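Ready for a short walk through this structure? Open your viewer and follow the stops below, selecting as you go.

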Amino acid sequence: MQGIINTAKELIDRYNIGESIKIMEVCGSHTMAISKYGLRQILPPNIKLISGPGCPVCVTAQNEIDASISLASQGVTIATFGDLVRVPGNNSSLQEERAKGRNVRVFYSPLDALDYAIANPSKEVVFIGIGFETTIPSVALTIKEAYTKKIKNYSVYCLHKTMPKALEALVVNGSDIQGFLLPGHVAAITGSTIYNFLVDKYKIGGVVSGFEASDILMSVVMILKNLRDPKIEIQYKRVVKEEGNTDAQSLIEEVFEESDAEWRGLGMIEGSGLKIREKYSEYDAEKKFNIKKPNSSTEIKGCRCGDVLKGIITPKQCPLFGKACTPLNPVGPCMVSSEGSCAAYYKYGE
């Protein structure tokens, strides 16, 4: 491993053009790995690794958080992943609602939430569906299973988002990013060709990267090597194929359709989300419980998580970082989530 890292550092020096270069990672696992391995510190000063909108919990809009919390007060069982429970809303959190006696349960898999619904037919179970293409197939499977087995007490509040349009929004809005570290877990489902537009329309390259230090450094090498002739390449070939997982893609297409979605920091992005198709509408919690999001997604006062997600600032530039906002007392989701940039900077002392 150390030999590969040394080789990567030599290649980075070889292909380093000396100009300021910004490379954005858009995967929470990359964010944590970069901080854990201290990769920013071993790169030349002109090469900057910055974090983008790669944390599913972090990009969930504030009004979606508030709507989820409000749903918990309606007497339904809220099923969700662990990080979401601690994200503060404007007036409460799912964790606080659970302390009040609301039935909020953490599951590691959407399938576990469906099993819970089957075992408790008298309880209405709503799974809060967040995440990118990595987790979407498993949520789609639960909806299809519930439909097939005629399970009536299970539904999904669909807050899923898809990655390509968010990257385009960053580029269109004036970002000076010159390359992307693309999410390996997402690309295992989608394949790499969905990112070709970055080269075709904007002349920006990207590399689908693995998660070890050597993977990330070699991906940086590939980006640097092709700065003048940008490409979309796969470094993570042991997992990712160019065409992706076509079975998972078919399942997503069967259950969901494209919709507009609001992202924390980025606002409303056309075609960047998913909604449940009409065939499966009885499993759409938004319709079933007439969920109404607040009209505006008001950020928590002082929290600059949205600017961190856009790469405008680093976590340490937020005035709350490490002071009012810590992992034990998080103000915003970038400090809550195990994949959040602020949590990574705090944990590894960057």
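Start with H8 and H9, whose crossing is right-handed. This is a predicted model, so treat what you see as such. To bring the pair up, select residues 110-119 for helix H8 and residues 136-149 for helix H9; the two pack at an angle of about 25°, with their axes 8 Å apart. Angles under 35 degrees count as roughly parallel, and therefore H8 and H9 are described as roughly parallel to each other.

Now show side chains at the place where the helices touch. From H8, pick Pro110, Leu111 and Leu114. From H9, add Ser138, Val139, Leu141, Thr142, Glu145 and Ala146. Colour this set by residue class and you will find six nonpolar, two polar and one charged.

Next stop: select Lys48. This residue sits in strand E2, which covers residues 47-51. Is Lys48 buried, exposed or partly exposed? With a relative accessible area of 40%, Lys48 is partly exposed.

Keep Lys48 selected and look for its partners. Apart from neighbours within four places in sequence, Lys48 is in contact with Ile21, Lys22 and Ile23. Then display the backbone of Pro45: its oxygen lies 3.0 Å from a polar atom of the Lys48 side chain.

For a last step, draw a distance between the C-alpha atoms of Lys48 and Gly191. These residues are 143 residues apart along the chain, and their C-alpha atoms are separated by 26 Å.

Conventions:
Residues are numbered from 1 along each chain as its sequence is written. This is a predicted model: local features need pLDDT of at least 70, side-chain atom pairs count only at pLDDT 80 or more; totals for chains, interfaces and linings use all residues. Side-chain values use heavy atoms; hydrogens and water are left out. Axes are lines fitted to C-alpha atoms, for helices over the stretch in contact, and angles run from 0 to 180 degrees between N-to-C directions. Helices (H or I, at least four residues) and strands (E, at least two) are DSSP runs, numbered from the N terminus. Angles under 35 degrees count as roughly parallel, over 145 as roughly antiparallel, 65 to 115 as roughly perpendicular and the rest as oblique. A crossing is left-handed if the near helix is turned anticlockwise from the far one by less than a right angle, and right-handed if clockwise. Contact means heavy atoms within 4.5 Å. Ala, Val, Leu, Ile, Met, Phe, Trp, Tyr, Cys and Pro count as nonpolar, Asp, Glu, Lys and Arg as charged, and the others, Gly among them, as polar. Buried means under 20% relative accessible area, exposed over 50%, partly exposed in between (1.4 Å probe, protein chains only). A polar contact is a pair of N or O atoms within 3.5 Å; within protein, one must be able to donate a hydrogen and the other to accept it, and residues adjacent in sequence count only if both atoms are side-chain atoms.
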